[in-house]
Amino acid sequence: MPLIAEAVIFLGAAVVAVPLSKRLGLGSVLGYLLAGAAIGPWGLSLIYDVESILHFGEFGVVLLLFLIGLELQPERLWTMRRPVFGLGGAQVAVSAAILAAVCYGLGVPWPGAVAIGVALSLSSTAFALQIMAEKGHLTTRYGRAAFSVLLFQDIAAIPIIALVPLLGGGKEMTGTDIWVDGLTIAGVIAAVIVVGRYLLRFVLGNIAETGLREIFTACGLLTVVGTALLMQSVGLSMALGAFLAGVLLADSEYRHALEADIEPFKGLLLGLFFIAVGMSVNFGLLITEFLIVIGCVVGLVAVKAAVLWGLGYVNGLNGLARRNLAIAISQGGEFAFVILGIAVGADVLERQNAEMAILVVTLSMAVTPLLYLISDRFNAQPQPDIPDDAMPGEVEHPVIIAGFGRFGQIIGRILRAKRIGFTALELDPNQINFVAKYGNKIYYGDSTRYDVLLAAGASDAKVLLLAVDDPDQSVRTAELVRERFPNLTVIARAKDRQHAYRLMEQGVTHVIRETFHSGIEAGRITLENIGFSGKDARHIAELFRDHDERRLKHQFGHHKDEQAFQEEARAWAEELEDIFAQDALDDQPDDGEKKG
């Protein structure tokens, strides 16, 4: 079958199955798996070459791990170290030990039992977070606990993927071979660290100066794929290489732009990977071994739920929170497909056992929404209150500053002095480098792009300070925020009155004219220096400010009619003169005061 025809089949299956699955509350991952099952050997038999597609789709996993690395900023991880490594580490260790022991008791050799136990101990990050976000549970105590466990699982998946092949043994090596291989691996890792920390940032900065977005995207993809292949060439996991590259760039000013550019490729390739997994699922086992499969699904969910319930109890969660935690991440996860595939390839696990485990993981994902429905049906208690100490990722940067020139820097200094976190976006690499010399951290990114704002945390932030120099870019950003991020309060800098009106057309109610207030302040000082008292000068400045603010709002809506606008300007000028004249009369003493 021609490649273009296969592409049409894959895209068509995803377009139909994934939205339908999300509408039914089953999540996108399960939708991709169902799409693969529909077009694969157990469905319509439209595609047969599952193995090659699976290998190609693994690049989606590589990109996923790169993005996970980008998110793991050292300071954020340190802030969450106790729930992540304590709660998350306990969940993985206890669940893996129980599941591995059960598999070994059922006759699976110990290397394969360990591989299955570790693989099944991991949950679906995308699946669980999506369901909790839709229910508004992410900021509850159980939601924060679930997030911590999932974060640890994402971190733990990296060494697990790298170490699973070792369970199958390997070729015998002499002492010389061990030293040569060890030094080679150490040299490659050191080279990746040096290049990622220093040279890569320099290259990205130079590419950003060209303004060629597609080349910047190409450089990001080259970084991920090149590092992954380099790691593979010395016998390490491609996923480990991609993760390391992400961690090295986590503190880079290009982090958000890279995340926004890589995300679409990750989504498509990871979707292709899940489709290929769905095609490779042996649904024949569901027919021939129905009771065993169902028993394994129930056993997996029950074991993980029991472990999570117990950990929730130890961590002081109430009964409803413990139950929700046990439901939210009791399913198998997407990393299980990767780990089991690697285990089969390394002769750690027999293919028939891996096929059974993959089928169990797939079906366990479908169980989670059903458990939530049952829990909600019998839940007569109110949802637990949202705690004051919300997740660090949500309160860490409540403000986004788009444009970090002189105007934006003043705002940033105020926020920093009050220890209020913010994310600053700037499109000029030279400005980024200049500001960095003074210890300020800003990110390269275009605020008119939805994916960049999303990567910068616009979904959770409270305020967007729109301080870009270009009025057109400013208005496009305001339009994007109005359409996609209605939760954000926009405070915008306007270069002049017409720019202010364009922003107001996009629903921006907090418009700060950049020269208006400084001009009023200069006028006040001028009045004082020509003989007015400080009190009178401030009063005159306040009258002018209030009058002009009223004029700005009154003329909005018919400001595009130039002739009418000019006529009204003259009328408003005359009104201002009358206001000042009347104010001067009011300040004169009356006759009684003169006589006294």
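## Working through a predicted chain

Among contacts in the chain between residues at least 6 apart in sequence, 75% join residues at least 24 apart. Keep in mind throughout that this is a predicted model. The chain holds 27 helices and six strands, and buried residues account for 48% of its 596 residues. About 29400 Å² is exposed, with carbon and sulfur atoms supplying 62% of that area.

### Exercise 1: salt bridges

**Task.** Find how many salt bridges the whole structure has, then work out where D469, R502 and E528 find their partners.

**Solution.**

Step 1. Start with the count: searching the whole structure turns up four salt bridges. We'll go through some of them.

Step 2. Take D469. Its salt-bridge partner is R493, and the closest N and O atoms are 2.8 Å apart. This pair links distant parts of the chain: D469 sits in the loop between β4 (463–466) and α22 (471–484), R493 belongs to strand β5 (residues 489–494), and 24 residues separate them. With a relative accessible area of 9%, R493 is buried, because the cut-off for buried is under 20%.

Step 3. Now R502. Its side chain meets that of D472 in a salt bridge, at 3.0 Å from N to O. R502 is in helix α23 (residues 497–505) and D472 in helix α22, so the pair ties together parts that are 30 residues apart in sequence. Both ends are partly exposed: R502 has a relative accessible area of 32%, and D472 has 38%.

Step 4. Finish with E528, which pairs with R524 at 2.6 Å, N to O. Here both partners lie in helix α24 (residues 516–529), four residues apart, which is about one turn of the helix. E528 counts as partly exposed at 29% relative accessibility, whereas R524, at 17%, counts as buried.

### Exercise 2: the faces of α19

**Task.** Work out which residues of α19 are buried, and which exposed residues sit on the face turned away from them.

**Solution.**

Step 1. Check the helix itself. α19 (residues 406–417) has 12 residues and reaches 17 Å from its first C-alpha to its last, close to the 16 Å expected at 1.5 Å a residue.

Step 2. List the buried residues: G408, I411, G412 and L415. Looking down the axis of α19, you'll find these buried residues within an arc of 100°, so they line one face of the helix.

Step 3. Ask what that buried side meets. The buried residues of α19 pack against β1 (399–402), β2 (422–426) and β4.

Step 4. Turn to the other side. The face pointing away from the buried side carries the exposed residues R406, R413, I414 and A417.

Step 5. Look just past the end. R419 follows α19 and has a positive phi, near 60°.

### Exercise 3: α5 and a nonpolar patch

**Task.** Check the span of α5, then say where V94 lies and which surface patch includes it.

**Solution.**

Step 1. Do the span check. The 25 residues of α5 should cover 36 Å at 1.5 Å a residue, and its end C-alpha atoms are 35 Å apart, which agrees.

Step 2. Pick out the buried residues. Among them are V84, L87, G88, V92, A96, L99 and C103.

Step 3. Place V94: it lies in this helix, α5 (residues 81–105). With a relative accessible area of 38%, V94 is partly exposed.

Step 4. Read off the patch. V94, I98, V102 and L106 make a nonpolar surface patch of about 350 Å².

Step 5. Look just after the helix, where G107 takes a positive phi of about 105°.

### Exercise 4: two loop residues

**Task.** For S124 and then D347, decide whether the residue is buried or exposed.

**Solution.**

Step 1. Locate S124: it's in the loop between α6 (110–121) and α7 (125–135). Its relative accessible area is 0%, so S124 is buried.

Step 2. See what surrounds S124. Setting aside neighbours within four places in sequence, S124 contacts V29, L150, Q331, G332, G333, E334 and M365.

Step 3. Move to D347, found in the loop between α16 (334–345) and α17 (351–378). At 68% relative accessibility, D347 counts as exposed.

Step 4. Check the backbone of D347. Its phi is near 60°, a positive value in a residue other than glycine. For background, most residues other than glycine have a negative phi.

Technical notes. Residues are numbered from 1 along each chain as its sequence is written. This is a predicted model: local features need pLDDT of at least 70, side-chain atom pairs count only at pLDDT 80 or more; totals for chains, interfaces and linings use all residues. Side-chain values use heavy atoms; hydrogens and water are left out. Patches are made of residues with over 30% relative accessible area and no salt bridge: like charges are joined within 9 Å, nonpolar side chains (Val, Leu, Ile, Met, Phe, Trp, Tyr) within 5 Å. Accessible areas come from the Shrake-Rupley method with a 1.4 Å probe; for residues, only the protein chains shown count as cover. Helices (H or I, at least four residues) and strands (E, at least two) are DSSP runs, numbered from the N terminus. Buried means under 20% relative accessible area, exposed over 50%, partly exposed in between (1.4 Å probe, protein chains only). The expected span of a helix is 1.5 Å times one less than its number of residues. The arc is that of the directions from the helix axis to the C-beta atoms. Contact means heavy atoms within 4.5 Å.
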